[in-house]
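This report describes one protein chain for a reader who has not seen it before. Please look over the sequence and the structure first.

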Amino acid sequence: MKLLSYIQDGVYRVGIHTENGILDVTDASVVYGQEETAELSIQEVIHGGAESLKRLLNLQQLAENDTNVRLQLLDESKLAFAPCVTSPGKIVCVGLNYRKHAEETKSPIPQTPILFSKFNNALAGHLEPVPLPAASQQVDYEAELAIVIGCKAYNVNKEEALDYVFGYCCANDLSARDLQFRTQQWLLGKTCDKFAPIGPYLVTADEVGNPNNLRISCTVNGEARQSSSTEDMIFPCDEIISYISQHMTLEPGDIILTGTPEGVVLGYPPEQRVFLKSGDVVTVEIEKLGRLTNTMTI
């Protein structure tokens with residue numbers, strides 16, 4: 001199932017992506033008398049796990065089988081997308097997790113995952129403008145696969161780690177390189193406002209299957225910049241989840257950004273680096289997850 005969050009009259013609403021349009025969960029719940037899903041937020045859907053998804057699937061089937069067409073599906077192109085996960089407790093990121101990316105930046109291959117964090121102020125939705133911070137002249141794109149945790153995970157083993165996943169989405173780990181490397185701590189360059197666009201959809205784990213073999217790419221103004229596969233990860237998704245859970249408890253709705261492949265601006269020789277500027281349109285695309293697009297602004 002492909003879920004999304006969007007904003008209507010200043011309120012977050014949950015939608016289900018279908019081939020014919022977006023099914024608004026609240027409106028559909030009222031029309032088809034399914035009161036238990038009428039007020040669900042995306043966070044409550046995640047916390048509800050399999051039971052919530054069962055109810056949403058039933059709602060979708062009711063709409064698809066409605067010969068009287070009592071509910072009009074929404075035109076996706078007219079929606080104001082919100083981040084597909086609106087209020088994660090944690091945003092944990094993995095640095096230098098693609099072998100070719102580590103090589104292009106002339107960094108040692110990590111022996112254990114390199115972890116850093118972003119905060120909720122960094123979240124942005126599909127098509128939401130991203131302001132370039134005035135304090136930086138070196139903002140870089142990073143196409144990434146994001147894992148969304150579905151149930152509490154503490155000290156889980158690698159073999160069971162993917163059982164704790166609710167779903168996956170596209171992410172862009174935007175990075176202000178001049179701020180990132182100002183000190184040994186990366187935080188300042190990583191969590192500027194809107195520096196973690198995610199979406200457009202939150203795709204459930206059952207629909208994605210193996211997350212360690214997905215095509216991933218990034219374009220800037222239509223020009224290909226990154227093209228790879230999650231197969232190039234040094235630490236695959238199951239190992240990442242297991243490792244993080246050995247050090248902190250992961251909760252439903254927590255997001256893990258799993259690293260970026262080669263092709264970022266930082267990987268070019270210094271004289272060839274052209275960082276993002278106002279008006280640049282960045283699109284992250286991941287197999288089965290859709291396309292996440294954001295325009296840089298000032």
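## Met 248 and its surroundings

Leaving out residues within four places in sequence, Met 248 is in contact with Lys 90, Val 92 and Ala 153. The model in which these contacts appear is a predicted one. Met 248 lies in the loop between α7 and β16.

With a relative accessible area of 30%, Met 248 is partly exposed, because that class covers values between the 20% limit for buried and the 50% limit for exposed. The C-alpha atom of Met 248 is separated by 8.2 Å from that of Asn 155, and the two residues are 93 residues apart along the chain.

## Helix α7

Helix α7 spans residues 237–245 and is mostly covered. Seven of the nine residues in α7 are buried: Cys 237, Asp 238, Ile 240, Ile 241, Ser 242, Ile 244 and Ser 245.

What covers these buried residues of α7 includes several strands. Among them are β5 (91–95), β6 (114–118) and β10 (143–149). Strands β11 (165–172) and β16 (255–257) are also included in the cover.

## His 126

His 126 is found in the loop between β7 (123–124) and β8 (130–131). Is this residue buried or exposed? His 126 counts as buried because its relative accessibility is 11%, and the class takes in values under 20%.

The side chain of His 126 reaches the backbone nitrogen of Thr 293 at 3.1 Å. Thr 293 is also one of the residues that His 126 touches when those up to four places away in sequence are not counted. The others in that list are Phe 81, Ile 198, Pro 200, Arg 291, Leu 292 and Asn 294.

## The chain as a whole

The chain has seven helices and 18 strands. Its radius of gyration is 19 Å, close to the 19 Å given by the globule rule for 298 residues, so the chain is as compact as a globular protein of that length. Along the principal axes, the C-alpha atoms fill a box of roughly 65 × 45 × 30 Å.

Of the 298 residues in the chain, 55% are buried. Among contacts with a separation of 6 or more, 75% join residues 24 or more positions apart.

## Surface and charge

About 13300 Å² of the chain is exposed, and carbon and sulfur atoms supply 48% of that area. The chain carries 23 positive and 39 negative charges, and the mean positions of the two sets are 5 Å apart.

Definitions and conventions. Residues are numbered from 1 along each chain as its sequence is written. This is a predicted model: local features need pLDDT of at least 70, side-chain atom pairs count only at pLDDT 80 or more; totals for chains, interfaces and linings use all residues. Side-chain values use heavy atoms; hydrogens and water are left out. Buried means under 20% relative accessible area, exposed over 50%, partly exposed in between (1.4 Å probe, protein chains only). Helices (H or I, at least four residues) and strands (E, at least two) are DSSP runs, numbered from the N terminus. Contact means heavy atoms within 4.5 Å. A polar contact is a pair of N or O atoms within 3.5 Å; within protein, one must be able to donate a hydrogen and the other to accept it, and residues adjacent in sequence count only if both atoms are side-chain atoms. The radius of gyration is taken over C-alpha atoms; the globule rule is 2.2 Å times the number of residues to the power 0.38. Accessible areas come from the Shrake-Rupley method with a 1.4 Å probe; for residues, only the protein chains shown count as cover. Lys and Arg count as positive and Asp and Glu as negative; His and the chain ends are not counted. The place of a charge is taken as NZ of Lys, CZ of Arg, CG of Asp or CD of Glu.
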